[in-house]
Amino acid sequence: MTPNKAQKIEAFKELLKISNTHSFDVYETSGNPAYGYRAWPVKWDERLYQSYKTPEDKQKALNETLMKLTCGDFPETIEEMEQERKVIRLTLLAGANPNCSDSYHGSVFESFWCSEKGYGLSELVKDDRFESPVKLQEFYERFDWKPIYCDDSNKEMLLKKQENENRADVIYTLFQKGMYPTNQKIFEKLAPVVLEKDPEFFNKRKEQTITQLTRAKTPAQIFNALMGNRKEKQ
């Protein structure tokens, strides 16, 4: 997914429509049991209405909107999750950079990861512009599933199962892009997640590498074939 000009315009209009109708809100709860809790609005859309003197101004506003969407409480229902996912997707389609960062949250990838929003990560990594994040290996080392308990309600169980599916999508997409774990044990642990989605994934990658090596003539071409043409930030 690399948005063209028409897609950017349409997605931006849709974001404004969602904002104007107040059909989507994000809240962040803070507090403790002793003094109570309070939910604060994240105001994810406040940068969309500012005047943009240059294309760079609009790009910055969209990046900040995407960063805002990494915040807020985890959704309580699948419907809320899908609505938030849609807004994240629209923000990316409107032109937000899937590799953006700020001094407070770090990269948008890190921020979605820290907020445990796998559906946000899923939208990021599917974007054709997405680049391997600096802390990719740390992400793999800390990767886990949403725990499901026997006393969870049906609603909670369905929500957690969907989030685990989102996380599986993230792993599968990262492997598709050649952004693998460098730790062998972690690689072996996550390989079944990929195989469940595509049982022939590794066989196809092996054949692809063999074909590339057969065609490779120069040292650079051989290196690219061995590395699977990966463009990772180490």
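**Exercise 1. The span of helix α2**

Task: Work out how far apart the end C-alpha atoms of α2 should be, and compare that with the predicted model.

Solution.
- Step 1. Helix α2 has 14 residues.
- Step 2. The rise is 1.5 Å a residue, and the expected span is 1.5 Å times one less than the number of residues. For α2 the expected span is therefore 20 Å.
- Step 3. In this predicted model, the end C-alpha atoms of α2 are 20 Å apart, so expectation and model agree.

**Exercise 2. The buried side of α2**

Task: Find which residues of α2 are buried, and what they pack against.

Solution.
- Step 1. Apply the cut-off: buried means under 20% relative accessible area.
- Step 2. The residues of α2 that pass are A61, L62, N63, T65, L66 and M67.
- Step 3. Their packing partners include three helices that follow α2, namely α3, α4 and α5. Helix α1 and the strands β3 (101-102) and β4 (106-107) complete the list.
- Step 4. Keep a rule in mind when reading such lists. An α-helix has 3.6 residues a turn, so residues three or four places apart point the same way.

**Exercise 3. The order of elements**

Task: Count the helices and strands, then read their order from the N terminus.

Solution.
- Step 1. The chain has 10 helices and four strands.
- Step 2. The order is α-β-β-α-α-β-β-α-α-α-α-α-α-α.
- Step 3. Add the overall frame. The C-alpha atoms fill a box of roughly 60 × 55 × 30 Å along the principal axes.

**Exercise 4. Threonine 91**

Task: Decide where T91 sits, whether T91 is buried or exposed, and what T91 touches.

Solution.
- Step 1. T91 belongs to helix α3.
- Step 2. Its relative accessibility is 0%, so T91 counts as buried.
- Step 3. Leave out residues up to four places away in sequence. T91 then touches L15, L62, T65, L66, L69 and A96.
- Step 4. Compare with Exercise 2. L62, T65 and L66 are among the buried residues of α2, and T91 touches each of these three.

**Exercise 5. The largest nonpolar core**

Task: Name the best-connected members of the largest nonpolar core, and the elements that supply it.

Solution.
- Step 1. The core holds 50 residues. W44, L66, L124, F139, Y140, I171 and L174 touch the most other members.
- Step 2. Elements giving two or more residues are α1 (5-21), α2 (55-68), α3 (78-93), α4 (108-114), α5 (118-126), α6 (136-142), α7 (154-176) and α8 (184-197).
- Step 3. Helix α7 gives the largest share, seven residues.
- Step 4. Take Y140 as a case. Beyond four places in sequence, Y140 touches I171, L174, F175, M179, Y180, P181, I186 and L190.

**Exercise 6. An enclosed helix**

Task: Explain why α5 is described as largely enclosed.

Solution.
- Step 1. Eight of its nine residues are buried, so α5 is largely enclosed by the rest of the structure.
- Step 2. The buried ones are G118, Y119, G120, L121, S122, E123, L124 and V125.
- Step 3. They pack against α2, α3, α4, α6 and α7.

**Exercise 7. Four places, four exposures**

Task: Sort A216, Q7, L158 and H22 into buried, partly exposed or exposed.

Solution.
- Step 1. A216 lies in the loop between α9 (201-215) and α10 (219-227). At 12% relative accessibility, A216 is buried. Its contacts beyond four places in sequence are Q221 and I222.
- Step 2. Q7 lies in α1. At 36%, Q7 counts as partly exposed. Q7 touches T2 and L93, again leaving out residues up to four places away.
- Step 3. L158 lies in α7. Its relative accessible area is 52%, so L158 is exposed. The C-alpha atoms of L158 and T77 are 8.4 Å apart, though 81 residues separate them along the chain.
- Step 4. H22 lies in the loop between α1 and β1 (27-32). At 61%, H22 is exposed.

**Exercise 8. Positive phi**

Task: Give the phi values of H22 and E116, and place E116.

Solution.
- Step 1. Phi of H22 is near 55°, positive in a residue other than glycine.
- Step 2. Phi of E116 is near 60°, again positive in a residue other than glycine.
- Step 3. E116 lies in the loop between α4 and α5. With a relative accessible area of 43%, E116 is partly exposed.

Terms used: Residues numbered from 1 in each chain as written. Predicted model: local features only at pLDDT ≥ 70, side-chain atom pairs only at ≥ 80, totals over all residues. Heavy atoms only, no water. Core = buried A, V, L, I, M, F, W, Y, C linked by side-chain atoms within 4.5 Å. Buried < 20%, exposed > 50% of the residue type's maximum accessible area, 1.4 Å probe, protein only. Contact = heavy atoms within 4.5 Å.
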